Amino acid sequence: MEERLGRLEVRAIENGTVIDHIPADALFKIINIMGLENEHNRITFGTNLESKRMGTKAIIKINGRFCHQEEINRIAIVAPMAVVNIIKDFKVIEKLPVTVPDTIDEFIKCANPKCITNNEPVKTSFKVIKGDEISLRCKYCEKTTHLNQIKFAK
């Protein structure tokens with residue numbers, strides 16, 4: 001980190017992915033969604049950073065890892081306004097869209113304790129219901145899981 005005009009700035013990454021404009025309360029959800037707790041590359045993240053557009057925001061910088069579109073779309077469940085930048089040689093070479101997918105498979109648990117996915121070795125699958133707030137409908141038991149109820153599968 002370098003100090004410039006009384007402010008601390010996070011060092012740029014040479015090659016990798018930067019996820020910006022994350023709602024501050026969604027930072028650790030995204031870390032979980034992406035499995036970053038098991039990542040061996042250097043990761044820098046910050047939360048409650050100033051943002052003209054959002055008030056406060058979070059940011060994640062992953063050195064040496066390039067995210068795929070499917071992984072980025074998972075981020076959209078908790079941060080549909082996020083911006084994903086692919087960095088090569090310290091320059092943004094691509095901005096990937098964050099798009100809420102139509103279905104979500106495997107990484108979220110069904111909120112219904114009696115659902116087959118919570119009692120048998122069956123992978124979860126949800127239809128995404130888009131509206132003012134995103135919710136998920138289980139393919140098997142049809143229980144609706146609201147954003148604030150989401151639990152991530154291990």
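Let's start with Asn48, which sits in strand S4 of this predicted model. Asn48 is exposed, because its relative accessible area is 55% and the cut-off for that word is over 50%. Its backbone is worth a look too: Asn48 has a positive phi of about 60°, although it is not a glycine. Most residues other than glycine have a negative phi. Phe90 is another residue to check on this point. Its phi is near 70°, again a positive value in a residue other than glycine. You'll find Phe90 in the loop between S6 and S7, and with a relative accessible area of 53% it is exposed.

Now follow S4 into the sheet it belongs to. Five strands make up this open sheet, in the order S4-S5-S3-S6-S7, and the pairing is antiparallel. Which strands stand at the edges? They are S4 (43-51) and S7 (91-96); each has a single partner strand, so one side of each is left without a neighbour in the sheet. As you go from one strand to the next, the twist averages 20°.

You can walk across this sheet pair by pair. S4 and S5 run antiparallel and are joined by seven bridges. A hairpin connects S4 to S5 through three residues. To find your place in this pair, look for Glu50, which stands opposite Thr56 in S5. On to the next pair: S3 and S5 are also antiparallel, with five bridges joining them. Here Ile22 is the residue to spot, as it stands opposite Ala58 in S5. Then comes S3 (residues 16-22) with S6 (residues 83-88), paired in the antiparallel sense over five bridges. In this pair, Val18 stands opposite Asn85 in S6.

Is S5 largely enclosed or left open by the rest of the structure? Seven of its nine residues are buried, so S5 is largely enclosed. That brings us to the inside of the protein. In soluble globular proteins, nonpolar side chains tend to be buried together. Here the largest nonpolar core has 37 residues, and the ones with the most contacts inside it are Ile19, Met34, Ile60, Ile77 and Leu136. Where do the core residues come from? Several elements supply at least two each: S3, helix H1 (27-33), strand S5 (55-63), helix H2 (69-75), S6, strand S10 (125-129) and strand S11 (135-138). H1 gives the largest share, four residues.

Take Ile19 as your guide to this core. Leaving aside residues up to four places away in sequence, Ile19 touches Met34, Ala58, Ile59, Ile60, Ile62, Ile75, Ala82, Val83 and Val84. Try selecting Ile19 in the viewer and picking out these partners one by one.

Next, hop over to another sheet. This open sheet has four strands in the order S8-S10-S11-S12, with antiparallel pairing. Strand S8 (103-105) and strand S12 (144-146) are at its edges; each has a single partner strand, so one side of each lacks a neighbour in the sheet. The twist here averages 30° from one strand to the next. Between S10 and S11, which run antiparallel, there are four bridges. Phe126 stands opposite Cys138 in S11, which gives you a handy landmark.

While you're in strand S11, find Arg137, which lies there. Is it buried or exposed? Neither label quite fits: Arg137 is partly exposed, with a relative accessible area of 35%. Not counting residues up to four places away in sequence, it touches Ser125, Phe126, Lys127, Ile129, Glu142, Lys143 and Thr144. For a sense of distance, compare its position with that of Met81: the two are 56 residues apart along the chain, and their C-alpha atoms are separated by 22 Å.

Finally, zoom out to the whole chain. It has two helices and 13 strands, and its C-alpha atoms fill a box of roughly 55 × 30 × 25 Å along the principal axes. Of the 154 residues, 41% are buried. The chain exposes about 9700 Å², and carbon and sulfur atoms supply 49% of that area. How much of the contact pattern joins residues at least 24 apart in sequence? Among contacts between residues at least 6 apart in sequence, the share is 58%.

Conventions. Residues numbered from 1 in each chain as written. Predicted model: local features only at pLDDT ≥ 70, side-chain atom pairs only at ≥ 80, totals over all residues. Heavy atoms only, no water. Pairing = 2+ DSSP bridges. Axes fitted to C-alpha atoms, helices over the stretch in contact; angles between N-to-C directions. Core = buried A, V, L, I, M, F, W, Y, C linked by side-chain atoms within 4.5 Å. Buried < 20%, exposed > 50% of the residue type's maximum accessible area, 1.4 Å probe, protein only. Contact = heavy atoms within 4.5 Å. Areas by Shrake-Rupley, 256 points an atom, 1.4 Å probe, with all protein chains shown as cover.
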